[in-house]
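I sat down with this chain today and kept short notes as I went. Here is what I looked up, in the order I got to it.

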Amino acid sequence: MSGRHRNRRKQPFGAGAIAAGVALTVAAIAGVVVVAYQFVAKPGCSGSAPLKVAAAAEIAPAIKQAAAALAARKVEVDGACVQIEVTAADPADIAAALAGKQNVAMAGVGQASGNIEVPDVWVPDSSMWLARLASASPVLAIGDAPSIARSPVVMAMPEPVAATLGWPTNALTWQALLQRMTTDTKMKIGTVEPTRDAAALSGLLALGAAMSANPNGQAAATGALRALAAGRSALKQDVLARFPRSSEPAAIASGLSAAALSEQSVIAFNAAKPPVRLAALYLDPAPLALDYPYAVLPGIEQSRSNVAARLLEELQGGEFRNRLAADGLRTAEGRTTDGFALPSAAPMPTATPAPTATERAAAAAAVEKALSSWIAVTLPARMLAVIDISGTMGAKVPSAGNMTRIDLTLEAARRGVGLFDDSWAVGLWVFSTELDGAKDYKELSPIEPLALQRTKLLQALSTIKAKPQGDTGLYDTVLAAYQAVQKDWDPGRVNSLVLMTDGIGNDDANGITHADLLAKLKQIQDPKKPIQVIFIGIGPDVVPGPLEEITKQTGGGVFVTPDPAKIGEIFLKAISLRTAQ
């Protein structure tokens, strides 16, 4: 969960408000204490107008105080007194619960605990959560979600480490940081798992932009992602705990050198008076700031929607904006108010508007691409790649300079091999019809760790060519490949079969039928040893229906790009579907 810190502001209401009643509920959920504050108006109110709000932990106290102020003033909505319950909740948990209600998955988030309750209003730390949900399912798209606070994403460094980079006089760029990450062996970069932390994801996006501008391209991207992956932690508290706990040179040298965190996290860390303070470096260009969108979730009752509108009005007022400073947060416009503890000698970042719904949708593609690359690097895997070499794979693609479909597919595969680290185990087959005697498939390399066969695998890819007049022996190949992955199933990895084809399906008259394949897969499938089957369809002729019926049986997914030139993008998206077992 996100880190919590004690709210330092006194309640802004007196004994009369206290007499109104504040109900404090503490519940132990999966070993985590969740604190919910329920504000009930003073005695004498007629009826109640309830609302449930879930907010990121760092902003929940300020929202709680705003709700208490409404209750203390006996504010009424539709003739009833407001009754607002504010709960501090990890945004990843609420996102998982919302996705689960629509039976969709979000990469890296996992399933929500059965104890997580979907609120009426959700205030996550970033609009990126809304973008990811909308990308997962159009039903989860939320329109207007105004920002109520802001916290820039910074590169947090121990002040002695930051000083070696010219802080606080010199600005640090992402390109310079990327170079240090990939060349300085003493530089220890950490990150919270970006699939579950918005600040870490914002840093990953900014780093990705720097990677794309780097002349070394793929090599720089791979090196940077692997450096981050080596220093990742599931929880923000774990990352913070790895910063130096002593001002001794040895402690500083062995501690964490840098991590992308919110400005609020740095302020909260320094407020605890650590032996080594953190500097907040505002890198250029600035990453997406945490913008705390106020999202009224679809489908709530009109009466609750009216209470939500009244609470938003309170959160847009001057009193709430002044409360934010005590918790290290800026106003929605990025401004500071009295009491804000700006990190020492830090420059004031340029304020930018909160993203609109349209801008969130545009950002979703970049988020998806960044997470796809991240998951491909960090999640241990055992994969059999099977490539279609039937005659149609030799067709030229005008949108890719007349490269052939097989050339584009092989290029995507080569980039994948370059991205995967040595812990991956990868095998390679090709298929068409009658490639190995009567068999429609042929093994070019068995499933083995890349540490043992990376060069061999790349050499095998360089020999692949489309088979003129070759047909598509799809169903025989799927069955044989599934059995090959199943044979030496590894409990410590995600076991998957990735098959790339441009065909409309199976056109091997001598092979098994679709119905026979489904029946056989159902017979041999072992729920205790799951295997994800992932189809990547290339070109306009792919019919996804029969492939989707297969993945419904096995688990996995179907990804189709009508334009073969986009197979590299689709390949990464498909690989990111893999989930831990």
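**Entry 1: the five-stranded sheet**

In what order do the strands of the open five-stranded sheet lie, and is the pairing mixed or not? Before answering, I noted that this is a predicted model. I read the order as 9-8-10-7-11, and the pairing is mixed. Strand 9 (232-233) and strand 11 sit at the edges, each pairing on one side only.

I then checked one pair inside this sheet. Strand 8 (residues 189-192) and strand 10 run parallel and share two bridges. If you want to find the spot on screen, go to Gly190, whose bridge partner in strand 10 is Ala259. As a reminder to myself, strands of a sheet pair through backbone hydrogen bonds, parallel or antiparallel.

**Entry 2: helix 11, which lies on that sheet**

Which strands does helix 11 lie across? I found strand 7, strand 10 and strand 11 under it, with the helix running at about 105° to strand 10.

Next I asked how many of the residues of helix 11 are buried. Seven of its nine residues are, so helix 11 is largely enclosed by the rest of the structure. I wrote them down: Glu263, Gln264, Ser265, Val266, Ile267, Phe269 and Asn270. They pack against strand 7 (153-158), helix 9 (236-241), strand 10 (258-262) and strand 11.

Just after helix 11 comes Lys273, with a positive phi of about 55°. Lys273 belongs to the loop between helix 11 (263-271) and strand 11. Is Lys273 buried or exposed? At 71% relative accessibility, Lys273 counts as exposed.

**Entry 3: other backbone oddities**

I kept a rule of thumb at hand: most residues other than glycine have a negative phi, and most peptide bonds are trans.

Asp78 goes against the phi part, with a positive value near 55°. I located Asp78 in the loop between strand 4 (76-77) and strand 5 (80-88). Asp78 is exposed, at 58% relative accessible area.

Then I looked for cis peptide bonds. One joins Trp167 and Pro168, with omega about 5°. Pro168 is in the loop between helix 5 (159-163) and helix 6 (174-183). Another cis bond runs from Asp284 to Pro285, with omega near 0°. Here the proline sits in the loop between strand 11 (278-281) and strand 12 (295-296).

**Entry 4: the nonpolar cores**

Which residues touch the most other members of the largest nonpolar core? They are Ile59 and Met157, in a core of 96 residues. Helix 7 (residues 198-212) gives the most to this core, nine residues in total.

I followed Met157 a bit further. Leaving out residues up to four places away in sequence, Met157 touches Ala162, Leu165, Leu172, Leu177, Met187, Ser257, Ala258, Arg277, Leu278, Ala279 and Leu281. Apart from this core lies another, of 34 residues, including Val417, Val426, Ala460 and Ile538.

**Entry 5: the six-stranded sheet**

Val426 led me to a further sheet. How are the strands of the open six-stranded sheet ordered? I noted 17-16-13-18-19-20, again with mixed pairing. The edges are strand 17 (439-449) and strand 20 (556-561), each of which pairs on one side only. From one strand to the next, the twist averages 15°.

Strand 16 (residues 425-436) and strand 17 are antiparallel and joined by seven bridges. Val426 has Glu448 of strand 17 as its bridge partner.

Two helices lie across strands here. Helix 16 (residues 450-462) lies across strand 13 (381-388), strand 16 and strand 17, at about 145° to strand 17. Helix 19 (residues 544-554) lies across strand 19 (532-538) and strand 20, at about 160° to strand 20.

**Entry 6: a helix crossing**

Last stop of the day. At what angle do the axes of helix 2 and helix 12 cross? Helix 2 (residues 60-72) and helix 12 (residues 302-315) cross at roughly 110°, with axes that come within 10 Å. That angle makes helix 2 roughly perpendicular to helix 12. The crossing is right-handed. On the helix 2 side, I listed Ile63, Ala66, Ala67, Ala69 and Leu70 as making the contact, and on the helix 12 side Arg310, Leu311, Glu314 and Leu315.

Key
Residues numbered from 1 in each chain as written. Predicted model: local features only at pLDDT ≥ 70, side-chain atom pairs only at ≥ 80, totals over all residues. Heavy atoms only, no water. Core = buried A, V, L, I, M, F, W, Y, C linked by side-chain atoms within 4.5 Å. Buried < 20%, exposed > 50% of the residue type's maximum accessible area, 1.4 Å probe, protein only. Helix = DSSP H or I, 4+ residues; strand = E, 2+ residues; numbered from the N terminus. Contact = heavy atoms within 4.5 Å. Pairing = 2+ DSSP bridges. Axes fitted to C-alpha atoms, helices over the stretch in contact; angles between N-to-C directions. Parallel < 35°, antiparallel > 145°, perpendicular 65-115°, else oblique. Left-handed = near helix turned anticlockwise from the far one by under 90°.
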